[in-house]
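Please examine the structure shown below together with its sequence. The briefing concerns salt bridges and the exposure of the residues that form them.

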Amino acid sequence: MTLDLAFTAHDLANIRFAVSPLGEVVASARVVKNPAAHPLLRPWADQVRRRLQDVDWRLLSDLVPVPTISIAGFTCTPPSTSMPDLELELATMRGAAARVRTDLDHIGGPRTKRVQALYDDPEQGLERLATEVAGYWEAAMAPYWPRIRSLLEGEILHRARLLAEGGAQRMLADLDDSVTWDDGTLRLEHRYVSGRRSLRGLGLLLVPCVFAWPRVLSVTTPPYQPTVRYAPRGIATLWERREVDPPEALAAVLGRTRARLLAELDQPASTRDLAQRAGLSEPGVNQHLTALRKAGLCTAHRTGRYVLYARTAVAETLLYLEETPTPRSNSR
């Protein structure tokens with residue numbers, strides 16, 4: 001089946017991009033529930049499944065059925081800004097109480113007791129959902145977010161270059177193998193929906209989404225902004241273990257041990273894991289991690305029995321910053 005999105009000149013002028021932490025949460029719930037269908041994302045699912053045993057995310061799970069035919073729009077409203085944080089998106093979700101019953105009626109089908117309670121009392125139900133999403137985020141997403149966000153931002157920059165080089169046609173033409181652009185129409189291969197949809201003059205919001213893979217997810221139902229969530233390039237490299245020697249310049253500033261610990265945090269890890277890798281004592285690693293946290297180079301994420309450390313975006317930049325030659329001055 002094919003879903004056709006028809007563009008007017010006004011729609012073309014209103015194409016924009018955004019990153020959505022909440023959208024990643026909702027899409028990732030599909031992966032946790034059915035990892036076999038997402039082989040590129042399975043390393044992540046295998047890592048987080050044990051930690052999620054300490055998290056109550058039953059309502060979120062009920063709202064993201066597998067197989068996923070449709071998801072209620074209020075669970076991940078298209079972001080209104082290009083780089084929202086999770087707190088902003090959760091605030092938007094809490095404010096969508098008026099949409100809950102309409103969206104659930106639109107989906108139809110049987111409801112669990114938890115979803116029925118949400119239907120009966122949308123405000124209280126959304127508060128519970130927001131609490132569950134926050135707990136899920138801390139256990140399953142936050143430790144990985146700097147690397148995921150870096151990939152998403154790189155994808156947006158890539159699309160911006162294509163737009164500058166060849167206009168909207170060039171930029172839209174290779175979003176995904178299941179997407180084609182033809183004479184003002186974006187055609188999406190779809191498992192469950194077909195037909196032609198107008199963008200209603202609102203343009204199209206493109207949201208690169210790691211956990212959408214291998215599908216392209218779309219929102220075309222009013223009153224939401226027409227949105228396409230697609231997998232960015234480079235997902236296969238996200239979960240690879242990268243052996244990195246810390247740059248000499250960084251080791252000179254931080255000390256070789258702390259620079260080595262940052263390099264070892266290519267994937268979120270516990271103190272015990274880091275101690276074993278680096279050949280250090282756990283108390284010693286804790287002391288170094290405390291210093292790195294105070295410097296804004298790593299973060300700690302506690303979920304039940306687990307505490308995982310992860311690099312920040314600043315640390316990622318410092319570790320992978322290529323050395324560039326210093327320009328020679330011509331002055332005498």
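The points below are grouped by topic.

The model is predicted. Across the whole structure, a search identifies 20 salt bridges. Several of them are described here, including one that links distant parts of the chain.

**A link between two helices**
- Glutamate 127 and arginine 94 form a salt bridge through their side chains, with an N to O distance of 3.2 Å.
- Glutamate 127 belongs to helix 8 (residues 122-141) and arginine 94 to helix 5 (residues 86-94), and the two residues are 33 residues apart.
- Glutamate 127 has a relative accessibility of 39% and is therefore classed as partly exposed.
- Arginine 94 is likewise partly exposed, because its relative accessible area is 36%.

**A pair within one helix**
- Glutamate 153 and arginine 149 are joined by a salt bridge whose closest N and O atoms lie 2.7 Å apart.
- Both residues are in helix 9 (residues 145-173), separated by four residues, which is about one turn of the helix.
- Glutamate 153 is partly exposed at 30% relative accessibility, and arginine 149 is partly exposed at 30% as well.

**A pair that includes an exposed residue**
- A salt bridge connects the side chains of arginine 170 and glutamate 165, at 3.3 Å from N to O.
- Arginine 170 counts as partly exposed, with 42% relative accessibility.
- Glutamate 165 has a relative accessible area of 56%; this residue is exposed because the value is over 50%.

**A network**
- Salt bridges also link Asp56, Arg58, Arg128 and Glu132 in a network.

How values were computed: Residues numbered from 1 in each chain as written. Predicted model: local features only at pLDDT ≥ 70, side-chain atom pairs only at ≥ 80, totals over all residues. Heavy atoms only, no water. Salt bridge = Lys/Arg side-chain N within 4 Å of Asp/Glu carboxyl O. Buried < 20%, exposed > 50% of the residue type's maximum accessible area, 1.4 Å probe, protein only.
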